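Let's take a walk through this protein together. Have the sequence and the 3D view open, and look up each residue as we come to it.

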Amino acid sequence: MAKNKVLTVKNLNSGYGKAQVLDHVSIEAYRGEITLLIGTNESGKTTLLKTICGLVEPWSGEMMYHSDGEEISLVGRVASEIAEMGIVYIPDERSVFPELTVKENLMIGSFREKSRDILDENLEIVYDMFPKLKERSQQNAGTLSGGEKQMVAVGKALMADPDFLLMDEPSLGLAPILVKNLFEIIDRLKEEYGLSIFLTEQNFEQSIKIGDRGYIIVDGEITFEGDKSELKDSEMVSKHYLGGAQED
């Protein structure tokens, strides 16, 4: 059975000012799957996500979003327009509005017209995923721990009722037990809610447990692609991501 694509990127070049970061990057992501982008710090992972979601303007190349039988070019579209399509980006900063309550932070996530119609339903989904957020719904977000702020960041994205979730290094800086719990949540989003997820990570050992297929990016170039088993057997993965300390 043929799989349905959710995103196609071809020969994408992008960067900041005159500094090129992405060099002819081509990737594909499929509906209902978790696609991994593995790379060390400053390899181009964040730039790729920001380019896809409209925060960084591509220099050249194609980005096609596949939705309801249509192919929609993302090139030339602003971030708000791309987000309204259902492509929701979770950055690695875990930014919250510190003076607002947890619930108020979550409500801000319902920015899409579609999501406002099912706000209460989405809030219950978030509280089911993160019971601690329900317990602390009236607590100011600025008083939360790093792990709890990450829960808010993911929960806020879910409030938008996303179609395609872009997650940038969600485990960065979290304690090992919180990392394990977070990846279990990400897996639930795919298995229970059918979300398509594009996940960038340095933590290969945890991400490969839930990923379906993926890519390795080095200095802005895709150096390897394959399904889960091919990634596991890759000599590059064995050398750089297994058995040794990971780069921060």
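In this predicted model, 17 residues of domain 1 are in contact with 14 residues of domain 2. Where do these domains run along the chain? Domain 1 is made of two stretches, 5-86 and 163-243, while domain 2 covers 96-160. If you take the C-alpha centre of each domain, the two centres lie 23 Å apart.

How much surface goes into this meeting? The size of an interface is often given as the accessible area lost when the parts come together. Here, domain 1 and domain 2 bury about 1,200 Å² between them, and 69% of that is on carbon and sulfur atoms. Three residues stand out on the domain 1 side: Glu-84, Ile-185 and Tyr-193 supply 36% of the area that domain 1 buries against domain 2, more than any other three residues.

Now for the polar side of the story. Across the interface of domain 1 and domain 2 there are four residue pairs in polar contact. On the side of domain 1 that touches domain 2, the elements giving two or more residues are helix H2 (79-84), strand S7 (164-168) and helix H8 (176-193). H8 gives the most, with six residues. Sorted by class, this side of domain 1 has 12 nonpolar, one polar and four charged residues.

The interface also has one salt bridge across it. You can find a salt bridge between the side chains of Arg-188 and Asp-128, with N to O at 2.9 Å. Are these two residues buried or partly exposed? Arg-188 is partly exposed because its relative accessible area is 25%, and Asp-128 counts as partly exposed too, at 41%. There's a bit more to see here: Asp-128, Arg-188 and Glu-192 are linked in a network of salt bridges.

Stay with helix H8 for a moment and look for Lys-190. Lys-190 forms a salt bridge with Asp-212, and the closest N and O atoms are 3.3 Å apart. This pair links distant parts of the chain, since Lys-190 sits in helix H8 and Asp-212 in the loop between helix H9 (204-210) and strand S9 (213-218), 22 residues apart. Lys-190 has 11% relative accessibility, so it counts as buried, whereas Asp-212, at 25%, counts as partly exposed.

How many salt bridges does the whole structure hold? The count is 12. One of them joins Lys-3 and Glu-33, whose closest N and O atoms are 3.2 Å apart. Lys-3 is in the segment before strand S1 (5-16), and Glu-33 is in the loop between strand S2 (19-30) and strand S3 (34-38), so you have to go 30 residues along the chain to get from one to the other. Lys-3 is partly exposed, with a relative accessible area of 48%, but Glu-33 counts as buried at 11%.

Let's finish with helix H1, residues 45-52. This helix is mostly covered, with six of its eight residues buried: Lys-45, Thr-47, Leu-48, Leu-49, Thr-51 and Ile-52. Just after H1 you'll come to Gly-54, which takes a positive phi of about 90°. Now jump ahead to Glu-81, which is found in helix H2. Glu-81 and Gly-54 are 27 residues apart in sequence, yet their C-alpha atoms are 8.5 Å apart in space. As for accessibility, Glu-81 comes out at 34%, so it counts as partly exposed.

Note on methods: Residues are numbered from 1 along each chain as its sequence is written. This is a predicted model: local features need pLDDT of at least 70, side-chain atom pairs count only at pLDDT 80 or more; totals for chains, interfaces and linings use all residues. Side-chain values use heavy atoms; hydrogens and water are left out. Domain bounds come from an automatic or database domain assignment. Contact means heavy atoms within 4.5 Å. Buried area is the accessible area (1.4 Å probe) that two parts lose on being put together, summed over both. A salt bridge is a side-chain nitrogen of Lys or Arg within 4 Å of a carboxyl oxygen of Asp or Glu. A polar contact is a pair of N or O atoms within 3.5 Å; within protein, one must be able to donate a hydrogen and the other to accept it, and residues adjacent in sequence count only if both atoms are side-chain atoms. Helices (H or I, at least four residues) and strands (E, at least two) are DSSP runs, numbered from the N terminus. Ala, Val, Leu, Ile, Met, Phe, Trp, Tyr, Cys and Pro count as nonpolar, Asp, Glu, Lys and Arg as charged, and the others, Gly among them, as polar. Buried means under 20% relative accessible area, exposed over 50%, partly exposed in between (1.4 Å probe, protein chains only).
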